[in-house]
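Good morning, everyone, and thank you for making room for me in today's meeting. Please have the sequence and the structure open in front of you while I talk.

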Amino acid sequence: MTSFLQLAISLALIITISKIGGYLSYRIGQPAVLGELLVGILIGPSVIDFFHFSFFTDQHLPEVIHEMAEIGVLLLMFMAGLDLHLSELVRSTKVAALAGTLGVIFPLFLGVITGLLFSLNSQSAIFVGLILAATSVSISAQTLMELKMIRSRVGTSLLGAAVFDDILVILGMSIFIALANPDSSGGLRQIALIITRMVLFLGISSAIGWWVLPRISNRIQNQPISQGLVAFVFVTILLYSWFAEIAGHMSGITGAFLAGLWFSRTTLKERIRNNISTIAYGVFVPIFFINIGLSANARLLTLESSFLLMILAIVAIGGKIVGAGWGAKLGGLTRQESIQLGVGMISRGEVGLIVATVGVTEGYIQSDIFSVILGIVILTTVITPIFLRKLFSNVPSSKLMT
């Protein structure tokens with residue numbers, strides 16, 4: 001079977017079982033995303049080991065699926081941004097800043113202490129703390145969109161807190177690597193450069209989003225171009241994500257979220273939502289959810305690493321709930337809303353994996369620790385929609401920001 005035919009059959013199977021898993025999860029009263037995540041784990045190396053079926057001989061197939069999954073998470077975060085209004089996000093800035101900041105400090109500190117207790121050297125312990133400080137709200141955003149709570153006070157504050165979290169974690173990681181360099185003066189210059197790049201990215205992307213995107217969108221919509229608006233929006237998502245990583249030294253999902261936020265100001269918002277959601281939820285987002293399970297291999301865990309996984313998982317979950325939740329409470333949310341936001345920050349997702357990969361590449365964490373981190377990413381990703389569903393079960397969907 002040719003490489004293309006292997007890709008074709010794998011995509012057909014992945015999308016089909018994703019939808020089946022989502023449907024079964026919905027039938028038992030859980031968010032559809034939970035079922036999609038679980039069937040991904042089922043067909044992954046932990047159980048069935050999908051990619052090692054005899055007819056999958058293309059060694060590059062997992063990499064291709066992974067890259068398509070990356071597009072899926074970009075589209076997912078774009079949809080989350082598109083469902084918000086800029087004014088709502090601005091109103092939640094205080095809550096987002098406090099929740100995002102304390103949501104980084106608490107798990108970072110607890111992660112470092114735990115790493116030292118397990119005899120890791122100081123650099124490895126600090127990097128473990130940085131990994132636990134990361135947050136990816138793509139799963140939480142999808143769950144809140146299913147529950148129609150993305151525009152609630154918790155939803156907007158959660159997405160804002162994730163932006164602060166992304167900035168602080170990436171900045172903290174960059175500062176750590178810079179200071180670990182014996183050339184301290186060069187390290188300080190590097191830190192200043194990173195901060196400058198972040199500020200420039202946020203400023204330039206906001207200026208383009210405020211003045212340029214609405215005008216170009218309206219102009220393209222009136223041109224005799226087949227699906228010109230869809231093509232323009234899709235290209236913009238990719239460029240914003242690329243710009244966030246290359247110029248802003250931030251994660252690509254932050255760029256995609258900002259693109260969605262700026263497109264939400266246009267008069268074509270509903271048309272954009274209808275068209276992009278078809279591409280996203282019909283193809284790419286299911287691949288993203290399934291790929292999370294395909295990346296995990298529970299068989300690699302030993303008894304010792306399993307114990308470390310259990311302790312770090314408690315730290316990862318508790319650190320976010322206490323830290324981000326406390327910050328939300330200080331920012332003015334109710335006790336229930338603060339807990340909801342803290343739980344929404346639990347998932348580490350692809351952001352945690354990005355930081356962990358840097359740690360492995362730079363030699364700060366070893367492969368056995370990376371396996372533990374991967375387990376934490378999977379665990380926190382799976383439990384987040386379950387907890388959110390429970391916490392929002394008695395909240396009327398009419399409690400939206402006006």
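I will go through the confidence of the model, then its salt bridges, then three single residues, and then two pockets.

Let me begin with a caution, which is that what you see is a predicted model. The mean pLDDT of the protein is 90, and 96% of its residues reach 70 or more. If we look at the elements one by one, the highest mean pLDDT, 97, belongs to helix α14, which covers residues 335-344, while the lowest, 83, belongs to helix α15, residues 349-362. Please keep helix α15 in mind, since I will return to it when I reach the pockets.

Now to the salt bridges, of which the count comes to five. I will take some of them in turn, and for each I will ask where its two partners sit.

The first one I want to show joins glutamate 88 and arginine 151, whose closest N and O atoms are 2.6 Å apart. Glutamate 88 belongs to helix α4, residues 86-91, whereas arginine 151 is in the loop between α7 and α8, so this pair ties together parts that are 63 residues apart in sequence. Are these two partners buried or exposed? Glutamate 88 has a relative accessible area of 1% and is buried, whereas arginine 151, at 24%, counts as partly exposed.

Next comes the salt bridge between lysine 320 and aspartate 165, where the closest N and O atoms are 2.7 Å apart. Here too distant parts of the chain are linked, because lysine 320 is in helix α13, residues 303-330, and aspartate 165 is in helix α8, 155 residues apart. Lysine 320 has a relative accessibility of 0% and counts as buried, and aspartate 165, at 1%, counts as buried as well.

A further salt bridge brings together the side chains of arginine 273 and glutamate 270, at 2.5 Å from N to O. These two residues both lie in helix α12, residues 269-294, and they are three residues apart, which is about one turn of the helix. Arginine 273 counts as buried at 17% relative accessibility, because the cut-off for buried is under 20%, while glutamate 270 is partly exposed at 45%. Salt bridges with shared partners also join Asp83, Glu270 and Arg273 into one network.

Let me turn to the single residues, beginning with threonine 143, which has its place in helix α7, residues 138-146. Threonine 143 counts as buried, with a relative accessibility of 0%. Which residues does threonine 143 touch, not counting those up to four places away in sequence? They are Pro31, Val33, Pro385 and Leu388.

Isoleucine 9 lies in helix α1, which covers residues 3-27, and at 33% relative accessibility it counts as partly exposed. Apart from neighbours within four places in sequence, isoleucine 9 is in contact with Met1 and Phe56. The C-alpha atoms of isoleucine 9 and phenylalanine 56 are separated by 9.6 Å, although the two residues are 47 apart along the chain.

Glycine 325 takes us back to helix α13, and this glycine is buried at 7% relative accessibility. If neighbours within four places in sequence are left aside, the contacts of glycine 325 are Lys320, Ser338 and Gly342.

Finally, the pockets, and I start with the largest pocket, which has a volume of about 440 Å³. It is lined by 24 residues, and those nearest its centre are His66, Glu70, Glu350, Leu353 and Ile354. Which helix gives the most to this lining? It is α15, with five residues, and α15 is also the element with the lowest mean pLDDT. By class, the lining of the largest pocket has 12 nonpolar, nine polar and three charged residues.

The second largest pocket holds about 350 Å³ of space. Of the 15 residues that line it, Leu89, Val163, Leu202, Leu258 and Leu261 are the closest to its centre. Here α8 gives the most to the lining, with four residues. The lining of this second pocket divides into 11 nonpolar and four polar residues, with no charged ones.

Methods:
Residues numbered from 1 in each chain as written. Predicted model: local features only at pLDDT ≥ 70, side-chain atom pairs only at ≥ 80, totals over all residues. Heavy atoms only, no water. Buried < 20%, exposed > 50% of the residue type's maximum accessible area, 1.4 Å probe, protein only. Contact = heavy atoms within 4.5 Å. Salt bridge = Lys/Arg side-chain N within 4 Å of Asp/Glu carboxyl O. pLDDT = per-residue confidence, 0-100. 1 Å grid on protein atoms, 1.4 Å probe; cavity = no way out; pocket = protein on both sides within 12 Å on 5 of 7 lines; lining within 4 Å. Points joined across faces, edges and corners; volume = space filled by probe spheres on them. Nonpolar A, V, L, I, M, F, W, Y, C, P; charged D, E, K, R; others polar.
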